[in-house]
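Let's take a walk through this structure together. Keep the 3D view open and turn it as you read.

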Amino acid sequence: MQVEVRHNPSFAVARCVLAPGEQVKAESGAMAMQSFGVEVSAQMQGGFMSALKRSALGGESFFISTFTGHPQAQTWVDVAANLPGDIVVLDVDPARALVLTKGSWLASEAGIALDTKWGGSSMFWGGEGGFTVRCSGQGKVVVASYGALDQHVLAEGQGFSIDTGHLVAYQDGMNVQVRKIAKGWVQSAKSGEMLVMDIQGPGTVWTQSRN
């Protein structure tokens with residue numbers, strides 16, 4: 001699948017160009033436009049419990065829309081996020097999954113499986129719901145941010161602390177720890193941050209400028 005991103009950096013739209021018969025999965029309601037000849041269906045990916053977990057815990061839709069290209073012609077589907085910001089297209093391979101925070105997943109190729117995992121208490125107290133979406137398999141994932149998107153490539157031992165409201169995605173298997181931002185609970189509460197996430201390489205992290 002080829003993806004063409006337009007209108008970055010503030011109001012991005014991703015055009016997923018489909019070869020004959022090719023499929024793309026998208027968040028329910030993410031479709032902005034599509035060419036004639038595209039067939040649309042909606043289903044629970046991974047069964048009822050997986051769909052319920054992804055919806056109730058991961059903050060994503062219960063049903064996932066599948067767009068299938070015309071069997072004899074090239075077609076396209078435009079997807080866009082609700083909030084203004086950037087869109088990035090990330091490649092996932094079987095060796096390393098991608099972890100996304102709530103609301104960041106926009107669309108992906110048919111070879112990507114979605115699951116919901118616990119992202120830590122920092123996610124919960126940071127307003128992210130505590131759960132993340134794990135993208136595994138092989139293919140492209142279309143990821144949306146709120147505001148501008150930054151990419152941080154971390155070597156072994158490199159890292160930083162982040163308010164999880166500004167976290168978009170990170171590669172699975174990175175060293176992630178949750179802690180109070182200050183020495184005591186009172187000072188942490190006064191700061192307005194409470195808990196933060198320390199994330200350490202090797203791996204790549206994507207962050208957003210708005211919360």
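Start with valine 24: its bridge partner in strand 6 is phenylalanine 67. This is a predicted model, by the way. The pairing around these two residues joins strand 3 (residues 23-27) to strand 6, antiparallel, over five bridges. Now look for another neighbour of phenylalanine 67: valine 40 stands opposite this residue of strand 6. Here the partner strand is strand 5 (residues 39-43), which pairs with strand 6 over five bridges, again in the antiparallel sense.

So is strand 6 buried or exposed? Five of the five residues of this strand (residues 64-68) are buried, so the rest of the structure largely encloses it. Check which way the residues face, too: Ile64, Thr66 and Thr68 point one way, Ser65 and Phe67 point the other way, and all are buried.

Next, let's hunt for salt bridges. How many does a search of the whole structure find? It turns up four. One of them brings together the side chains of aspartate 78 and arginine 15, with N to O at 2.7 Å. Aspartate 78 sits in strand 7 (residues 75-79) and arginine 15 in strand 2 (residues 13-18), so this pair ties together parts that are 63 residues apart in sequence. Aspartate 78 itself is buried, and its relative accessible area is 0%.

Move along to aspartate 172, which forms a salt bridge with arginine 134; their closest N and O atoms are 2.8 Å apart. Aspartate 172 is in the loop between strand 16 (167-171) and strand 17 (175-180), while arginine 134 belongs to strand 12 (residues 131-137), so parts 38 residues apart in sequence get tied together. Aspartate 172 counts as buried at 17% relative accessibility, because the cut-off for buried is under 20%. Arginine 134, with a relative accessible area of 29%, is partly exposed.

Then there's aspartate 198, whose salt bridge partner is arginine 179, with the closest N and O atoms 2.7 Å apart. Aspartate 198 lies in strand 18 (residues 195-200) and arginine 179 in strand 17, so the pair links parts that are 19 residues apart in sequence. Both ends are partly exposed: aspartate 198 has a relative accessible area of 22%, and arginine 179 comes in at 33% relative accessibility.

One last thing to find: Arg6, Arg15 and Asp78 are joined into one network by salt bridges that share partners.

Definitions and conventions: Residues numbered from 1 in each chain as written. Predicted model: local features only at pLDDT ≥ 70, side-chain atom pairs only at ≥ 80, totals over all residues. Heavy atoms only, no water. Buried < 20%, exposed > 50% of the residue type's maximum accessible area, 1.4 Å probe, protein only. Helix = DSSP H or I, 4+ residues; strand = E, 2+ residues; numbered from the N terminus. Pairing = 2+ DSSP bridges.
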